[in-house]
Amino acid sequence: MSKKIEVKNLYKIFGSKPKLALKRLKEGWTKEKILKTTGQTVGVNNASFTVDEGEFFVIMGLSGSGKSTLIRCLNLLNRPTAGEILIDGEDIVKYDRQQLREFRQNKVAMVFQNFGLFTHRTVLGNVEYGLEIRNINKDKRRQIALEALESVGLKGWEDKMPTELSGGMQQRVGLARALANNPDILLMDEPFSALDPLIRRDMQIELLEIQSKLKKTIIFITHDINEAFKLGDRVAVMKDGKIVQQGTPEEILNNPSNEYIEEFVKSIDRTKVIQAKNIMRKPNALVSIKDGVRVAIKEMQASNISSVFVVGRNMELEGIVTIDDCVDAVKNKQSSLKELLRHDFYKTSPDEYIENLLENAVKSKYPIVVVDDENKLLGIIVRTSILSGLLPINSTNDTPA
Amino acid sequence: MNSFPELIKFDPGMYIEALVDWLILNFQGFFDALTDVIKWIVFNIQDGLSFIPWFLFILLIFLLGWKLKSFKSGLGYAMMIMLIGLIGLWEDMIFTLAIVITSVILSIIIGIPIGIYSAYNQKLEALLKPLLDGMQTMPSFVYLIPAMIFFGLGTVPAVFATIVYSTPPCIRLTSLAIKRVPKEMREAAYAFGSSRWQALVKVELPQAMPTIMAGINQTTMLAMSMVVTSSMIGAKGLGENVIIAINRTDIAMGFNSGISIVFLAIIIDRLTQMISKKYEHV
């Protein structure tokens, strides 16, 4: 994967004397002190990060942490006070007016917290806006806009005014407007924060579907840690204009780099973040389909278990056999495992969240087996590993004995 | 008794007078040309309006009122305008209308661009604010003096004084409307690569339109209120009758021309208000 966005030592200071504030900031003054003595507001303080092509990068922070300021630097709605923003290797901060317009028209599109829809235009007129600015002819832009509307599930709504739509639908229009331009990069500034929880969940799922199809590079702002960890390939946590930690949700969850992030992480529902691949383990025993019943019995006895998974030559999953069936088979002088295979166990993919495994883990007699797309066995999940997976790693010590 | 010392004196009016003298001396040609242009506009509008037969005019008012508001309102407006005719002030009304329309058109041409520009430029706005306040609170008669000197007597100085008096709300509300365009909407326009002109024409102006129209409505009303004042320097129309009625202490004539002005004002106010409502989009 190639680097799509590279932000280096970015600063954004609001006020009439940004250079002075920048100097003070580099001398180590705090944001509060600078505001008090110089009246300048520090929005972004020395932010650096890279985003790969096709990556879903989430910037999380509470209000006032500078996350919206930061995302507005990426299309120069906010002009940075200092620092570089390389997109496809080009520093966009150095663009002149014409270059900037072309960059905004072709490479990047933005979705807004309160939708930012043009209330004097129809839904279609909104989605067409970016194309209109690029002077694409009327028929073509209508066609593209209609396709974009269809892709977000708004077919048939094109002649309505935005205010006639519900919040969730309005944001779909916002998303369609951004997608119609076919940008490489999608900037999403708290796009789902103004929506109620149920609609938010639907929109999150839909966004992930769209992302898996279109493979855009997405920068997504949120103040909701559950949303951040659900959507992000990688997450950056911001506080007071600084990026205090960045990494995959797993990394941040298990190694919060300071108390601030720990506080954040406490509120998270781990069942929605931890995936099967994070808690699965290698099975203690495995039997090949070519092996006989006696081998299976021996394996189970050795590991002190009552059932064992059976795999083929390339680890493809065949089924499971139980110790009772095997013992009966020996009595009946059967030696092949094929007839003994059972299939009433539960299979899952490595990317499944624990949330969705809980019910089956409770119901099933056997461990849950994790397989890849080609039905190859990757690992198993037993009930206890689900429970331990739910405990934060470094809080296990805190529990009273 | 405490009185202000007579020794210290400042006479700002003197400087204004000097400025006016200087303008006359150096820009006579310009004022003459301006006089011709304004005269031309007023007379053409007047000709156009007089060209419409009276019954058609009443029908037009009725249809406009009906279309924009309701059947009842249309009927009401038609009756009012009919009454002006019955009183015998039809031609005066047409003349007043021509002056008002000319003034409003010129006010809009001057006011909207200045309003837009001052929305973007804080310095200009800070400069304009006291000036606009002054233009609106200065007794309107005062404008008549330089207007007479620049443009002589009659219609043109009337239009000039009316413009000075009625442009401020147009500037103010245009500026306000542009500034009140929601931040995200403006950001969205720029985020998709609009030029400043595109953002203005495609997003900001349409969004600002209802408020701008409210400004135009106010401008029109102020222009109407100048009708009598400007008749003091010889502008024809309904105002002229009021002045004559005052001189003759003629109650009947005063009431007749007064009520005609009121009717005309009501009709113009309601119709422009309805038009501005058409531009609203929540």
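**Exercise 1. The hairpin of strands 9 and 10**

Task: In this predicted model, find the hairpin of strand 9 of chain A and strand 10 of chain A, and work out which residue there takes a positive phi.

Solution:
- Step 1. Start with the connection: the hairpin has 2 residues between the strands.
- Step 2. Look at the backbone there. Asp240(A) takes a positive phi near 50 degrees. As a reminder, most residues other than glycine have a negative phi.
- Step 3. Now check how the two strands run. Strand 9 of chain A and strand 10 of chain A pair in the antiparallel sense, over 5 bridges.
- Step 4. Pick out one bridge to see this in the structure: Val237(A) has Gln245(A) of strand 10 of chain A as its partner.

**Exercise 2. The other side of strand 9**

Task: Which strand pairs with strand 9 of chain A in the parallel sense, and how many residues of strand 9 of chain A are buried?

Solution:
- Step 1. The parallel partner is strand 3 (residues 56–60) of chain A, joined to strand 9 of chain A over 4 bridges.
- Step 2. To find the pairing by eye, look for Val58(A), which stands opposite Val235(A) of strand 9 of chain A.
- Step 3. Next, count buried residues, using the cut-off of under 20% relative accessible area. In strand 9 (residues 234–239) of chain A, 5 of the 6 residues are buried, so this strand is largely enclosed by the rest of the structure.

**Exercise 3. The whole sheet**

Task: Give the strand order of the open sheet of 6 strands in chain A, and say which strands stand at its edges.

Solution:
- Step 1. The order reads 6-7-8-3-9-10, and the pairing is mixed.
- Step 2. Strand 6 (108–111) and strand 10 (242–247) of chain A each have a single partner strand, so one side of each is left without a neighbour in the sheet. These two are therefore the edge strands.
- Step 3. On average, neighbouring strands are turned by 20 degrees against each other, ignoring direction.
- Step 4. Zoom in on one edge. Strand 6 of chain A pairs with strand 7 (residues 185–189) of chain A in the parallel sense over 4 bridges, and Ala109(A) stands opposite Leu186(A) there.
- Step 5. Add the helix: helix 7 (residues 167–180) of chain A packs on the sheet and touches both strand 6 and strand 7 of chain A. Its direction makes about 175 degrees with that of strand 6 of chain A.

**Exercise 4. Two residues with positive phi**

Task: Is Leu76(A) buried or exposed, and is Thr249(B) buried or exposed?

Solution:
- Step 1. Locate Leu76(A) in the loop between helix 3 (67–73) and strand 4 (82–87) of chain A. Its phi is positive, about 60 degrees, although it is not a glycine.
- Step 2. Leu76(A) has 5% relative accessibility, so it counts as buried.
- Step 3. Move to chain B. Thr249(B) sits in the loop between helix 11 (238–248) and helix 12 (251–278), with a positive phi of about 40 degrees.
- Step 4. The relative accessible area of Thr249(B) is 69%, so this residue is exposed.

**Exercise 5. Two helices that cross**

Task: At what angle do the axes of helix 1 and helix 6 of chain B cross, and which residues make the contact?

Solution:
- Step 1. The axes of helix 1 (residues 12–51) and helix 6 (residues 140–151) of chain B come within 8 Å and cross at roughly 65 degrees.
- Step 2. The two helices of chain B are therefore roughly perpendicular to each other.
- Step 3. Helix 1 of chain B contributes residues including Val20(B), Leu23(B) and Phe31(B), while helix 6 of chain B brings Pro146(B), Ile149(B), Phe150(B) and Phe151(B).
- Step 4. Sorted by class, the contact has 9 nonpolar, 1 polar and no charged residues.

Technical notes
Residues are numbered from 1 along each chain as its sequence is written. Chains are lettered from A and ligands numbered from 1 in the order in which they are written. This is a predicted model: local features need pLDDT of at least 70, side-chain atom pairs count only at pLDDT 80 or more; totals for chains, interfaces and linings use all residues. Side-chain values use heavy atoms; hydrogens and water are left out. Axes are lines fitted to C-alpha atoms, for helices over the stretch in contact, and angles run from 0 to 180 degrees between N-to-C directions. Angles under 35 degrees count as roughly parallel, over 145 as roughly antiparallel, 65 to 115 as roughly perpendicular and the rest as oblique. Contact means heavy atoms within 4.5 Å. Ala, Val, Leu, Ile, Met, Phe, Trp, Tyr, Cys and Pro count as nonpolar, Asp, Glu, Lys and Arg as charged, and the others, Gly among them, as polar. Two strands pair if DSSP finds at least two bridges between them. Buried means under 20% relative accessible area, exposed over 50%, partly exposed in between (1.4 Å probe, protein chains only).
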